[in-house]
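Q: I am new to this structure and should be grateful for a close look at a single part of it. Please choose one helix and explain how it is placed among its surroundings.

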Amino acid sequence: MILILLLLALNDQQPSDLNIDKAGLALDGYDAVSYFLGEPKQGFKSIQATYEQVTYYFSSEENKKKFLSEPNKYLPQYGGWCAYAMGLNPEKVKVDPETFKIVDGKLYLFYNFWATNTLKPWNENETALMEAADKNWKKIVE
């Protein structure tokens, strides 16, 4: 228990800051590693791992092993909340797990519902929004 608390303190993210369901599942069950292979895939409950009190599903044992060897490499930015919304305000907005972008080896997720795809305006002003989102995320996790 003390080790978990120390890891959370080092990471500054509490499970309550993260976009997870009531059972503690991240990414709506999508495989975090699959994003980095070019296409998000739904993971399987039978292939899961827990990292820092959060459950992740994987589409293969190989992806699970990759994740467990370097979990921080595969975690979505801003706790899995919408990157565009985080760039506008320090606000947690849900995402469509299939609307994503990898930038400099980091996973960013976006809201894409009701004819509003926030990846489009993000792409138009990515640098400024990312800088603002980084600052806004720090306000949430402090």
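A: The following account concerns helix 6 and the core to which it contributes.

The model is predicted. Helix 6 comprises the 16 residues 126-141. At 1.5 Å a residue, these should span 22 Å, and the end C-alpha atoms are indeed 22 Å apart, so the expected and computed values agree.

The buried residues of this helix are Glu126, Leu129, Met130, Ala133, Asn136, Trp137, Ile140 and Val141. Because they cover an arc of only 130 degrees around the axis, they lie on the same side of helix 6. In general, an α-helix has 3.6 residues a turn, so residues three or four places apart point the same way. On the other side of helix 6, the exposed residues are Thr127, Lys135, Lys138 and Lys139.

The buried residues of helix 6 are covered by elements that include helix 4 (83-88), strand 3 (96-103), strand 4 (106-110) and helix 5 (119-124).

The largest nonpolar core has 40 residues, of which Leu27, Tyr56, Phe67, Tyr78, Tyr108 and Trp122 touch the most other members. At least two residues of this core come from each of strand 1 (44-51), strand 2 (54-58), helix 4, strand 3, strand 4, helix 5 and helix 6. Helix 6 gives the most, with 6 residues.

Trp122 offers a view of one junction with the helix. Leaving aside residues up to four places away in sequence, Trp122 touches Leu129 and Met130, and also Ala83, Tyr84, Lys101, Tyr108 and Phe110. Leu129 and Met130 are among the buried residues of helix 6.

Methods
Residues numbered from 1 in each chain as written. Predicted model: local features only at pLDDT ≥ 70, side-chain atom pairs only at ≥ 80, totals over all residues. Heavy atoms only, no water. Helix = DSSP H or I, 4+ residues; strand = E, 2+ residues; numbered from the N terminus. Expected span 1.5 Å × (residues − 1). Buried < 20%, exposed > 50% of the residue type's maximum accessible area, 1.4 Å probe, protein only. Arc of directions from axis to C-beta. Contact = heavy atoms within 4.5 Å. Core = buried A, V, L, I, M, F, W, Y, C linked by side-chain atoms within 4.5 Å.
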